[in-house]
Amino acid sequence: MQATEVKSFLEGKLSETLLSVQVEVEGEGCNFQLNVISDELAALSPVKRQQSIYAHLNPWIADGSIHAVTMKFFSRAAWAERT
């Protein structure tokens, strides 16, 4: 599995329910690091943020396509300050 595949999939799924979301993905194979940029997700509790991502990734985790995921969440302003 490639990072671009995970990025496209998550942005497509998350954009169905969020006004604005950007996902930056690093890694390959079955280990990925996600930077999720969304004011809406950044306002949620850490558990709710992760649940919103895992809800979409669980089928890939269950079949072994993804083994490990680390996530960081940023508001748009925080992401802009970082880069």
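Tyr54 is a good place to enter this structure: with a relative accessible area of 28%, Tyr54 is partly exposed. The model shown here is a predicted one. Tyr54 sits in helix α3. Setting aside the neighbours within four places in sequence, Tyr54 makes contact with Ile61, Val69 and Met71. Lys13 lies 41 residues away from Tyr54 in sequence, and the two C-alpha atoms are 12 Å apart in space.

From this one residue, the view can be widened to the whole chain. The protein has 4 helices and 3 strands, and from the N terminus on these elements follow the order α-β-β-α-α-β-α. The radius of gyration of the protein is 12 Å, close to the 12 Å that the globule rule gives for 83 residues, so the protein is as compact as a globular protein of that length. Along the principal axes, the C-alpha atoms fill a box of roughly 35 × 25 × 20 Å. Of the 83 residues, 31% count as buried. Among contacts with a separation of 6 or more, 55% come from residues 24 or more positions apart.

The interior comes next. The largest nonpolar core holds 19 residues, and the members that touch the most others are Val6, Leu10, Leu34, Ile53 and Leu57. At least two residues of this core come from each of α1 (3–14), β1 (22–28), β2 (31–37), α3 (46–62) and β3 (68–74). The most is given by α1, with 4 residues. Leu34 offers a closer look at these surroundings. Apart from neighbours within four places in sequence, Leu34 is in contact with Val6, Leu10, Glu24, Val25, Ile53, Leu57, Val69, Thr70, Met71 and Lys72.

Helix α1 deserves a paragraph of its own. At 1.5 Å a residue, its 12 residues should span 16 Å, and the C-alpha atoms at the ends of α1 are indeed 16 Å apart, which agrees. Four residues to look for in α1 are Ala3, Val6, Leu10 and Leu14, which are buried. Viewed down the axis of α1, the buried residues fall within an arc of 65°, so they line one face of the helix. A general property of helices helps in reading this pattern: an α-helix has 3.6 residues a turn, so residues three or four places apart point the same way. The buried residues of α1 pack against β1, β2 and α3. On the face turned away from the buried side, α1 carries the exposed residues Thr4 and Ser8.

Aromatic side chains complete the picture. Across the whole structure, a search finds 2 aromatic pairs. In one of them, the ring centres of Phe9 and Trp60 are 4.6 Å apart and the planes stand at 40°, so this pair is tilted. Phe9 belongs to helix α1 and Trp60 to helix α3, so the pair ties together parts that are 51 residues apart in sequence. As for accessibility, Phe9 counts as partly exposed because its relative accessibility is 25%, whereas Trp60, at 17%, counts as buried. The cut-off behind this reading is 20%, under which a residue is called buried. Helix α3 thus appears on several occasions: Tyr54 has its place there, Trp60 lies there too, and α3 is among the elements against which the buried residues of α1 pack.

Notes:
Residues numbered from 1 in each chain as written. Predicted model: local features only at pLDDT ≥ 70, side-chain atom pairs only at ≥ 80, totals over all residues. Heavy atoms only, no water. Core = buried A, V, L, I, M, F, W, Y, C linked by side-chain atoms within 4.5 Å. Buried < 20%, exposed > 50% of the residue type's maximum accessible area, 1.4 Å probe, protein only. Contact = heavy atoms within 4.5 Å. Expected span 1.5 Å × (residues − 1). Arc of directions from axis to C-beta. Phe/Tyr/Trp six-rings, centres within 6.5 Å; stacked < 30°, edge-to-face > 60°. Rg over C-alpha atoms; globule rule 2.2 N^0.38 Å.
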